[in-house]
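Here is a quick walk through a structure for someone who thinks at the bench. Have the 3D view open while you read.

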Protein chains: 2
Amino acid sequence: MDQKVDTRSRILNIAEAAVLEKGFEATSIEEIVAGAEISRGGFFYHFKDKNALARAMLERYIDAENTLYDDLFARARELNDDPLHCMLIGLKLLAEMLEEMPTGHPGCVIASTAYQDRLFDEGVRDLNRQAILGWRKRFRGMFEEIAQVYEPREAVNMDALGDMVSGVVEGGLVLQRALREHNNASEQIMLFRTYLKLLFADKK
Amino acid sequence: MDQKVDTRSRILNIAEAAVLEKGFEATSIEEIVAGAEISRGGFFYHFKDKNALARAMLERYIDAENTLYDDLFARARELNDDPLHCMLIGLKLLAEMLEEMPTGHPGCVIASTAYQDRLFDEGVRDLNRQAILGWRKRFRGMFEEIAQVYEPREAVNMDALGDMVSGVVEGGLVLQRALREHNNASEQIMLFRTYLKLLFADKK
DNA sequence: TCCCGACTGTACTGCGAGTCCAGTTGACCC
DNA sequence: GGGTCAACTGGACTCGCAGTACAGTCGGGA
């Protein structure tokens, strides 16, 4: 089956697994080509350098994450029409998804990139930035919808609240990686969920 | 004045600034010795390799962070004896501190290390782990004190809540780095503070 | 048949980490 | 004043990895 996968995707698959496991710099082109069973020349045919590889990986990762959020909250919307409950269900689904991954979530490429950004060019950094801004917009929109139905008990900056979803996930993944525990990220999401329940308790 | 600073500390200072700016791998020993005005031989006299440097940096960083938390919450306790208000004041001080740093907080070595951990040996990884567990214990203790006076409106896992302080800071710093904005971390802390206000609203 | 895209394979440069070691310099010790 | 030691300097070396260059191969479509 895997022979069917084109070489470029095969490189990306191998590279992503290796990078998430041990970081970008620690992953050598040598081992990527070994894993993908191609020659060094073949690698450089597809990617002009490691930076191009990083960019392609990031693009793919962000697309996958966006699709995931789309699906998750679409499913949540099916289950409940109320914007608050939709959000609460979506977060629960997200937490469950993170928990189900037996080895823990592979870790977020965003943070990994952010902390090694001098390795990458402006394009990669901007990709990263745009992804987070996209998530800010997405969640801010959902929170504003909620705020139209529920009176927030405390005034909060909606942009910051939108960022908090990404921040809690990223922070949770950092803890998980550093602690070598398995469910910190999902626990953090569940705590954030409790926050939202407290914040939006009263219908207008 | 700087001549007074011993070589080892000078190396650590230069290295810390460089690593926080561009990541560990992107920082060459060449530039560290240039900055510290020593020879390559001199560097290896103090640190047997880059791993030893990482370990020393991490140790120093964690000590500094712990001292910071000690001072911050001691000061907060002076200002208010109630455990909840002490926590709220402490978080506010922390947020202000982060905001006052003109170029933004240098970024947390913890996350940086977590995402490049194959570069480091078990000792470094364990140092990282112990630091986070220490903060978990610290904040968990404070939250339990609060919970003795205030009835939590929702049941929460105290360990996870303790972790949330670290997670929110780490996550905020990731966002800040990736977005190239300046106050995400402090905004995230302030949002977390609001969470605590909502959670512990009712005195027993 | 020929062309082309997708490679293979090899040989090369350059950089940075890490090793080895011989030699210097200043401080303190007897 | 001689000896010792810690704290270096400086240079020569190896090794692994990124990246370059380029000649050659191979299978499929026009």
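What follows goes from the overall make-up of one chain to helix packing and then to single residues.

## What you're looking at

First things first: this is a predicted model. Chain A is built from nine helices and two strands. If you trace the order along the sequence, you get α-α-α-α-α-α-α-β-α-α-β, so a run of helices comes before the first strand, going by how elements are numbered from the N terminus.

As for dimensions, the C-alpha trace of chain A covers about 65 × 35 × 35 Å along its principal axes. Of the contacts in chain A that link residues at least 6 apart in sequence, 69% bring together residues at least 24 apart.

## Surface and charge

How much of chain A is buried? Buried residues account for 52% of its 204 residues. The accessible surface of chain A adds up to about 9,000 Å², and carbon and sulfur atoms supply 50% of that.

On the charge side, chain A carries 26 positive and 34 negative side chains. The centres of those two sets sit 2 Å apart.

## Helices α5 and α7

Start with chain A. Helix α5 (residues 83-100) and α7 cross at roughly 140 degrees, and their axes come within 8 Å. That angle makes α5(A) oblique to α7(A), because roughly antiparallel is kept for angles over 145 degrees. On the α5(A) side, the contact uses A:Pro83, A:Leu84 and A:Met87. On the α7(A) side, the partners are A:Phe139, A:Met142, A:Phe143, A:Glu145, A:Ile146 and A:Val149.

Now look at chain B. There, helix α5 (residues 83-100) packs against helix α7 (residues 122-149) at an angle of about 140 degrees, with the axes 8 Å apart. So α5(B) also gets the label oblique to α7(B). B:Pro83, B:Leu84 and B:Met87 make the contact from α5(B), and B:Phe139, B:Met142, B:Phe143, B:Glu145, B:Ile146 and B:Val149 make it from α7(B).

## Residues along α7

Two neighbours to click on are A:Arg125 and A:Asp126. A:Arg125 lies in helix α7 of chain A, and A:Asp126 is found in that helix too, which covers residues 122-149. Is A:Arg125 buried or exposed? It counts as buried because its relative accessibility is 18%, and the cut-off for buried is under 20%. A:Asp126, at a relative accessible area of 33%, is partly exposed.

What does A:Arg125 touch? Leaving out residues up to four places away in sequence, A:Arg125 touches A:Asp117, A:Phe120 and B:Arg180. For a sense of distance, the C-alpha atoms of A:Asp126 and A:Glu145 are separated by 29 Å, with their positions 19 residues apart along the chain.

Over in chain B, B:Glu144 sits in helix α7 and is partly exposed, with a relative accessible area of 31%. Its C-alpha atom is 19 Å from that of B:Val168, which is 24 residues away along the chain.

## A lysine in α9

A:Lys197 is part of helix α9 (residues 184-199) of chain A. With 30% relative accessibility, A:Lys197 is partly exposed. Which residues does A:Lys197 touch, once those up to four places away in sequence are set aside? They are A:Leu88 and B:Glu154.

A:Lys197 and A:Ala26 are 171 residues apart in sequence. In space, their C-alpha atoms are 42 Å apart.

## Two loop residues with positive phi

Most residues other than glycine have a negative phi. B:Glu37, which is not a glycine, has a positive phi of about 55 degrees. Where is B:Glu37 found? It is in the loop between α2 (29-36) and α3 (40-46) of chain B. B:Glu37 counts as exposed, at 70% relative accessibility.

B:Arg180 is another non-glycine residue with a positive phi, near 60 degrees. This arginine is found in the loop between α8 (158-179) and α9 (184-199) of chain B. B:Arg180 counts as partly exposed, at 41% relative accessibility, and it is one of the residues touched by A:Arg125.

Note on methods:
Residues numbered from 1 in each chain as written. Chains lettered and ligands numbered in written order. Predicted model: local features only at pLDDT ≥ 70, side-chain atom pairs only at ≥ 80, totals over all residues. Heavy atoms only, no water. Helix = DSSP H or I, 4+ residues; strand = E, 2+ residues; numbered from the N terminus. Buried < 20%, exposed > 50% of the residue type's maximum accessible area, 1.4 Å probe, protein only. Contact = heavy atoms within 4.5 Å. Areas by Shrake-Rupley, 256 points an atom, 1.4 Å probe, with all protein chains shown as cover. Lys, Arg positive; Asp, Glu negative; His and termini not counted. Charge placed at Lys NZ, Arg CZ, Asp CG, Glu CD. Axes fitted to C-alpha atoms, helices over the stretch in contact; angles between N-to-C directions. Parallel < 35°, antiparallel > 145°, perpendicular 65-115°, else oblique.
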